[in-house]
Amino acid sequence: MIAIQNVTKYFKKNHLRKDETDTRFQVLDNITFTIQDGEFVSFIGPSGCGKSTLLRMIAGLLPADGGRVLVDGQKVKGPGSDRMMVFQDYVLFPWMNVRKNISAGLKIRGENKESVDKKTDWAIGLVGLEGFEQVYPHQLSGGMKQRVAIARAIVMNPDILLMDEPFGALDSFTRINLQEELIRLWEKNHYTTCLVTHDCDEAVYLSDRIVVFTSSPARVQDIISVDLPRPRDRNRSEFIDLRNHILQLGRIQAEQQERQERCL
Ligand SMILES: Nc1ncnc2c1ncn2[C@@H]1O[C@H](COP(=O)(O)OP(=O)(O)O)[C@@H](O)[C@H]1O
Ligand SMILES: [Mg+2]
């Protein structure tokens, strides 16, 4: 279980107005919620509200200024291979082929060749990259690169999969294909999954629950359960109603954020 308890976070301001004395601005304001083992939870909210910051805290890449993040009752103190992250911009090693990109983490962990080969084959099969093992990242489409990034995360057999707008840079056809693949993968392996997205359709299609954040500083505005059977039908009226409801919540927050920015 992931427990986020009263988490607050500040960053240093880049620019200070003449009359300003506070050198920090608040990004997260008293965030509290839990994510159950095997649950698929999405974070949605206006751009810049602090979603990635919270995800990076769960990954152990950033400390909290107040409150704490617990994984299975233990305070997160740094990154660990129980929590793997997938980013929007793939971050693959350009000098390594697909196979080497996927197996790099296992090798760093010191696993023997037989185990590395077996797990790498398994991950390649799961994301449909057979036949592309020797190809280099620059030869791949965005969708294929993201398959490599997902395979590289799941090959480590993490308990928790953290995804930061993983499909944000893809065209809508590829995005839908990868969403379908991701949910099939999750149904097989039940990784506890946190997905940052700004796409309401994606959030409703994938998630058990959706955490809706307010504009900056982020607070939890609402937590919405999606009780629709999978695979989900995007044309079903309940799907459309839920998507529109979240879209409306987001629009109000985005408007508020714009107003704040205009006042700065
Ligand atoms: N390392 C950092 N130092 C200073 N400001 C940051 C840093 N990371 C993010 N920010 C700022 O914090 C706010 C929240 O960022 P982020 O969590 O990336 O938002 P989101 O993912 O919701 O779009 C933004 O204003 C962003 O510019
Ligand atoms: Mg972000």
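This note goes through the predicted model above point by point, from its overall build to single residues.

1. Overall build. The model is a predicted one. Seven helices and ten strands make up the secondary structure of the chain. Along the principal axes, the C-alpha atoms fill a box of roughly 60 × 45 × 40 Å. A compact globule with 264 residues would have a radius of gyration near 18 Å, and the 19 Å of this chain agrees with that.

2. Domains. The chain is divided in two: domain 1 covers 2-82 + 158-263, and domain 2 covers 83-157. Their C-alpha centres are 25 Å apart. In the contact between them, domain 1 takes part with 24 residues and domain 2 with 16 residues. On the side of domain 1 that touches domain 2, the elements giving two or more residues are α1, β7 (160-164) and α5 (172-189). That side of domain 1 divides into 14 nonpolar, six polar and four charged residues.

3. The six-stranded sheet. One open sheet has six strands in the order β6-β7-β8-β3-β9-β10, and its pairing is mixed. The edge strands are β6 (83-87) and β10 (220-225); each has a single partner strand, so one side of each is left without a neighbour in the sheet. On average, and with direction ignored, neighbouring strands here are turned by 15° against each other.

4. The β9-β10 pair. Strand β9 (residues 209-213) runs antiparallel to β10, and five bridges join the two. Within this pairing, Arg209 has Ser225 of β10 as its bridge partner. The loop between β9 and β10 holds Pro217. The peptide bond that leads from Ser216 into Pro217 is cis, with omega near -5°.

5. The four-stranded sheet. A second open sheet is formed by four strands in the order β2-β1-β4-β5, with antiparallel pairing. Here β2 (24-35) and β5 (74-75) stand at the edges with a single partner strand each, so one side of each has no neighbour in the sheet. Strand β4 (residues 66-71) is paired with β5 over two bridges, in the antiparallel sense. In β5, Lys75 stands opposite Leu70.

6. Helix α1 on the sheet. α1 lies across β1, β2 and β4, and runs at about 60° to β2. α1 also appears among the elements with which domain 1 touches domain 2.

7. Surroundings of ligand 1. Which residues are found around ligand 1? They are Phe11, Lys12, Val27, Gly45, Ser47, Gly48, Cys49, Gly50, Lys51, Ser52 and Thr53. Two elements, β1 (2-12) and α1 (51-59), give two or more residues to this shell. The largest share, three residues, comes from α1. By type, the shell divides into three nonpolar, six polar and two charged residues.

8. Backbone points to check by eye. Most residues other than glycine have a negative phi, and most peptide bonds are trans. Asn6 is not a glycine, yet has a positive phi of about 50°. Asn6 is found in strand β1. Besides the bond before Pro217, the peptide bond from Arg230 to Pro231 is cis, with omega near -5°. Pro231 sits in the loop between β10 and α7 (237-263).

Terms used:
Residues numbered from 1 in each chain as written. Chains lettered and ligands numbered in written order. Predicted model: local features only at pLDDT ≥ 70, side-chain atom pairs only at ≥ 80, totals over all residues. Near = placed C-beta within 6 Å. Nonpolar A, V, L, I, M, F, W, Y, C, P; charged D, E, K, R; others polar. Domains from an automatic or database assignment. Contact = placed C-beta atoms within 7 Å. Pairing = 2+ DSSP bridges. Axes fitted to C-alpha atoms, helices over the stretch in contact; angles between N-to-C directions. Rg over C-alpha atoms; globule rule 2.2 N^0.38 Å.
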